[in-house]
Amino acid sequence: MSSEADTSRVWTIVVAAGSSARFGADKLDVALDGDRTVLDLSLLHAAAASTGIVVVVRNDSPLLHARPSDNVSVVAGGSNRSASVRAGLQMVPASVPYVLVHDAARPLADADLYRRVIGALRAGAEAVVPVVPVVDTIRSVTEGVIDRDLLRAVQTPQGFRTDVLRRAHADADDATDDAT
């Protein structure tokens with residue numbers, strides 16, 4: 001985003017509280033671009049598109065004790081992804097009309113993707129979920145090959161009117177993403 005007017009009403013919750021169990025190590029600490037880690041790159045892109053950022057980390061993260069910048073807050077996550085997003089939402093001011101939720105493990109979400117999500121919100125959407133076509137062959141264990149033309153892989157950042165996301169999380173159980 002190129003001007004403050006573009007970002008002044010958008011906050012991003014960067015969810016970084018996962019265990020990285022499937023990866024086998026803390027994937028957010030992996031360097032991808034010189035000394036920049038997966039988490040660094042995710043935060044860099046979020047900062048370019050947002051006035052405020054809430055980074056949600058594991059309860060044992062050293063970031064909880066770091067001194068963040070003026071527009072960055074760090075909070076401990078919950079026992080599951082939804083609880084972590086709810087912890088982040090508590091830090092978003094009530095006056096902020098739009099909030100994005102981004103998985104820190106997706107460092108390649110670029111400025112154009114953020115711009116399109118924010119643009120759709122500003123055009124009147126209550127929720128915006130970027131998706132990409134599924135390119136792999138998918139098989140059901142009982143039905144065989146599934147027509148991948150009917151499938152989409154859900155991405156982040158997902159964008160929401162802040163009031164809509166707060167209502168969605170008010171009574172919700174755990175979900176694998178916020179659009180659910």
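The following questions and answers walk through the fold of a predicted model, from its sheet to its cores and loops.

Student: What kind of model is this, and how are its residues numbered?
Tutor: This is a predicted model, in which local features need pLDDT of at least 70 and side-chain atom pairs count only at pLDDT 80 or more, whereas totals for chains, interfaces and linings use all residues. Side-chain values use heavy atoms, with hydrogens and water left out, and residues are numbered along each chain as its sequence is written, starting from 1.

Student: How many helices and strands does the protein have?
Tutor: Both kinds of element are DSSP runs numbered from the N terminus, helices being H or I runs of at least four residues and strands being E runs of at least two. On that basis the protein has 5 helices and 12 strands.

Student: In what order do the strands of the open sheet lie?
Tutor: Two strands pair if DSSP finds at least two bridges between them. S1 and S4 pair in the parallel sense over 6 bridges, and another 6 bridges join S1 to S6, again parallel. S6 and S12, by contrast, run antiparallel and are joined by 4 bridges. The pairing is therefore mixed under the DSSP bridge criterion, and the 6 strands form an open sheet in the order S5-S4-S1-S6-S12-S7.

Student: Which residue of S12 stands opposite Ala127?
Tutor: The edge strands of the sheet, each pairing on one side only, are S5 (72-76) and S7 (127-128). S7 is joined to S12 (residues 158-161) by 2 bridges, and these two strands run antiparallel. Val128 stands opposite Gly159 in S12, while the residue opposite Ala127 is Phe160.

Student: Is S1 enclosed or open to the surroundings?
Tutor: Buried means under 20% relative accessible area, exposed over 50% and partly exposed in between, with a 1.4 Å probe and protein chains only. Val10, Thr12, Val14 and Ala16 are buried on one side of S1, and Trp11, Ile13 and Val15 are buried on the other. Because 7 of the 7 residues of S1 are buried, this strand is largely enclosed by the rest of the structure.

Student: Which element gives the most residues to the largest nonpolar core?
Tutor: A nonpolar core is a set of buried Ala, Val, Leu, Ile, Met, Phe, Trp, Tyr and Cys residues joined through side-chain atoms within 4.5 Å. The largest one has 20 residues, and those with the most contacts inside it are Val14, Ala16, Ile53, Val55, Leu100 and Tyr114. The elements that give two or more residues are S1, H2, S4, S6 and helix H4 (111-122). With 5 residues, the one that gives the most is H4.

Student: Which residues of H5 are buried, and why do they lie on the same side?
Tutor: Thr162, Val164, Leu165 and His169 are buried in H5. They cover an arc of only 160° around the axis, taken from the directions from the helix axis to the C-beta atoms, which puts them on the same side of H5. The face turned away from that buried side carries the exposed residues Arg167 and Ala170. The buried residues pack, by contact (heavy atoms within 4.5 Å), against helix H3 (81-89), S6 and S12.

Student: How exposed is Leu151?
Tutor: Leu151 is found in the loop between S10 (144-146) and S11 (152-154). Leaving aside neighbours within four places in sequence, Leu151 is in contact with Pro133, Val134, Ile138 and Ile146. The C-alpha atoms of Leu151 and Val134, 17 residues apart along the chain, are separated by 6.0 Å. Leu151 is partly exposed, with a relative accessible area of 27%.

Student: What is omega for the peptide bond that joins Thr156 and Pro157?
Tutor: Most peptide bonds are trans. Pro157 lies in the loop between S11 and S12, and Tyr114 counts Pro157 among the residues with which it is in contact. The bond that joins Thr156 and Pro157 is cis, and its omega is about 15°.
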